Amino acid sequence: MELLGNLWGEFWAVLTTLFVAAPYIIGYVLIILLMMVIWSGIKRLLTPKHDYSSLKTVTFGDESAVTSNTVASVVSIVLIFILWGAFTGSKLLPGFMHAPGPFKGEGSFEYTITTPAGDSDTATVSVVVHPTGEDVAAPQVAPGDGIAKNDAVAIPIYRSELLRVDNNDEMGRDEETFITAVDGQAIAPGNSVDVSFGRVAMSDKGTLNIIPATGMQMEPIWMPSPEAVWSRLGEIATVGYRNSTLAEHLGYSLFRVIVGFMLGALVGIPLGYAMGLSNWFRGWFDPIVEFMRPVPPLALIPLVIIWAGIGEVGKIILLFLAALWIMAIAARSGVSGVRISKVHAAYSLGASKWQIMRYVIIPNSLPEIFTGARVAMGVCWGTVVAAELVAAEKGAGMMIMVASKFQSTDIVLMGIILIGIIGFSIDMLMRQAEKWLVPWKGKG
Amino acid sequence: MSGLQIDKLSMRFDLPNGSSVQALKDVSLDLKAGELLSVLGPSGCGKTTLLNIVAGFLAPTAGTITLNGHKVSGPAAERGMVFQQGALFEWMSVRENVGFGPSMKGMPKEEKAKIVDHLLDVVGLQDFKEKAVYELSGGMQQRVALARCLANEPDVILMDEPLGALDALTREKMQGLVLKLWKETGKTIILITHSVEEALLLGERLIVMAPRPGRIHTEYRLPFAEMGVGQDLREVKKHPKFAETREEILGMIWDMEEEIMGRSEDA
């Protein structure tokens, strides 16, 4: 019961997050719809439609009338980069496109102290908010008249500063003199007051916490700008990261995938054929294959590390296992999928068993095997990255894992993008190979 | 002894639930070399089973099949088969499909190419030689299937509803082609069909089979195939005897269907 309660709490937290994100999601959807309206207007102006579908009266629900709109794809991708740039203050975008950034520059606020006798005095605090990493001194200010003396402080962007403004005053908290107002608005411990450059809060002990506005942009440590990621890419490609260049990291990952997949296919395809052609082999391997198939390869990582360590052998064993079952099942269903009339036709044309195998069963199973290979390559790529996240000397996954430990978010982001691009390219290559090598797929 | 002898052929299938089905019982036939036999009958009369046994894909529970004096015991190149559809090899071009039989025998390339070229001329597909079979229409695919079968020089050609999946017009053209090939090559042909007209047009001999157990019900010897060779088949259909026989056979099959329905209603 306690578990259920906990889970409900977690679920509620997820819902709350969604609720907070809802305005942004709705905004995004509105942008999509707006772009659609704009584009259909432009298109109507540019080219009156004259293709065969222009005369269709029924398009909603007609599957053939729905194709991927290239313009939408381009706009969608461009928009991702624009949003990325806008919320990270990218220099690639003109300033007006930026989301409101953090406060930067000089600001000030006044605070009022009240003595036990009931006298009060006001002093000014000058604040300089400067970019992170720059060493900026607090400006020199004259102390001014009265009990309260002026102060100055320098704060890096996105940081806040607890400042004992009464330290230099003639009467401080030791004399029972307390800050009672900021910029003329009353303040008490635990409260805060909005000022021109952000917010001033008061701690429980009565110290002012100066919090310059952070705006809507993201701090580079959470989300670096596109150009930061790009320049990091150049740096890692030439200088390298953790003693290996980018090419080495990616090359090792790809090497593991290709070798693991090849070995898996080399064993898996004959295994699948045997299972498809012989009752005995089918019976023998069915329980093993059917059990191993639903085990996620990632779950094998600990065992593989125990047995083979974190070197290449362990990784390749893991990928071999990831590809093996997929390839075996693909080959098996490729063999069992052969139409009996094709086999009969071949026999009555005088083919021997071996010739049936060579000229009918193998070519007939190739489309299935290619589909399996595509799936297996995808799974292997995912598995290798995950395995490298756990433990590796080199590799794309290792690179982003180590980078995350040092909060080098730009490297993490770059790594994720590269991993995505490579995964996508693998899939595209496999599709292309399929088109060239088994053009008869789905035509039987 | 030449020709194809089917002697007291019986076939019983044991079902998983313990019962069994008598698909064929004491079917006997004597086909002379070069005869064209068409086989008609309601569904479940065992005509495809009969063909599969003759092809050697099934072993009968009793009876024998003898071709040119030797007993049939399995599939072989001497008995070619043409299927309804989907039996072409889509990973091969038209040329490779037609040349499949000769290739399996290890025939030299030039000799094979000659045979293939000749047959593609005969079925009118010379222009489609290098095309993939899935690029052809249904009728063209069946032409390829016929040519592929002929390329292997079988003694007997078994046709399992070869024109069943074609549209009416294509079907008429293909019926003419089958007659032409039969006359030119002099092959023994067994043709299974659902169409009474087709059976009458193409069958020099025609058997009507009856179900439960599958057996030969009536046998005809018909003049229409001879009349139809090289002629307009529509003219043949106008022959008074054609219509008369058609009605007779239709009535016969109708009664069988009725009986099956009745029996299953009783049960």
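Two residues are in contact if their C-beta atoms, placed from the backbone, lie within 7 Å. That convention applies throughout this tour of a predicted model.

**First selection: A:Cys380 and its surroundings**

Select A:Cys380 in chain A. Apart from residues within four places in sequence, A:Cys380 is in contact with A:Val257, A:Gly260, A:Phe261, A:Leu319, A:Ala322 and A:Ala323. Next, display the largest nonpolar core, which holds 138 residues. A:Cys380 is one of the members that touch the most other members, together with A:Leu319, A:Ala323, A:Met327 and, from the other chain, B:Ile190. Colour helix α7 of chain A, residues 312-336: with 15 residues, this helix gives the most to the core. Separate from that core lies another of 21 residues, and A:Val125, A:Ala148, A:Val182 and A:Phe197 are among its members.

**Second selection: helices α9 and α11 of chain A**

Select residues 353-390 of chain A, which form helix α9, together with α11(A). Two packed helices are described by the angle between their axes and the distance between the axes. Here the angle is about 165 degrees and the axes are 10 Å apart. Angles over 145 degrees count as roughly antiparallel, and α9(A) and α11(A) are therefore roughly antiparallel to each other. Their crossing is right-handed. To see the contact, show the side chains of A:Phe370, A:Ala373, A:Arg374, A:Met377, A:Gly378, A:Trp381 and A:Val385 on α9(A). On α11(A), the partners are A:Ile419, A:Gly423, A:Ile426, A:Asp427, A:Met430 and A:Glu434.

**Third selection: helices α10 and α11 of chain A**

Keep α11 of chain A, residues 409-437, and add helix α10 of the same chain, residues 396-405. The two axes come within 8 Å and cross at roughly 160 degrees, which makes α10(A) roughly antiparallel to α11(A). In this pair the crossing is left-handed. From α10(A), select A:Ala396, A:Met399, A:Ile400, A:Ala403 and A:Ser404. These residues meet A:Ile411, A:Val412, A:Gly415, A:Ile416, A:Leu418 and A:Ile419 of α11(A). A:Ile419 also belongs to the contact of α11(A) with α9(A).

**Fourth selection: A:Phe87**

Move to A:Phe87, in the loop that links α2 (70-86) to β1 (105-114) of chain A. Is this residue buried, partly exposed or exposed? A:Phe87 counts as partly exposed, because 18 C-beta neighbours lie inside 10 Å, whereas a buried residue needs 20 or more. Beyond its neighbours within four places in sequence, A:Phe87 is in contact with A:Ala99, A:Met216, A:Gln217 and A:Met218. Add A:Glu219 to the selection: A:Phe87 and A:Glu219 are 132 residues apart along the chain, yet their C-alpha atoms are separated by 9.1 Å.

**Fifth selection: chain B and its side towards chain A**

Now display chain B, which has ten helices and ten strands. The C-alpha trace spans about 60 × 45 × 40 Å along its principal axes. A compact globule of 267 residues would have a radius of gyration near 18 Å, and the 19 Å of chain B agrees with this. Buried residues account for 43% of chain B. Among contacts in chain B with a separation of 6 or more, 69% are between residues 24 or more positions apart.

Finally, turn to where the chains meet: 21 residues of chain B are in contact with 17 residues of chain A. On the chain B side, β6 (79-82) and α3 (100-105) each supply at least two residues. Helix α3(B) gives the most to that side, with four residues.

Conventions. Residues numbered from 1 in each chain as written. Chains lettered and ligands numbered in written order. Predicted model: local features only at pLDDT ≥ 70, side-chain atom pairs only at ≥ 80, totals over all residues. Core = buried A, V, L, I, M, F, W, Y, C linked by C-beta atoms within 7 Å. Buried ≥ 20, exposed ≤ 12 C-beta atoms within 10 Å, placed from the backbone. Rg over C-alpha atoms; globule rule 2.2 N^0.38 Å. Axes fitted to C-alpha atoms, helices over the stretch in contact; angles between N-to-C directions. Parallel < 35°, antiparallel > 145°, perpendicular 65-115°, else oblique. Left-handed = near helix turned anticlockwise from the far one by under 90°.
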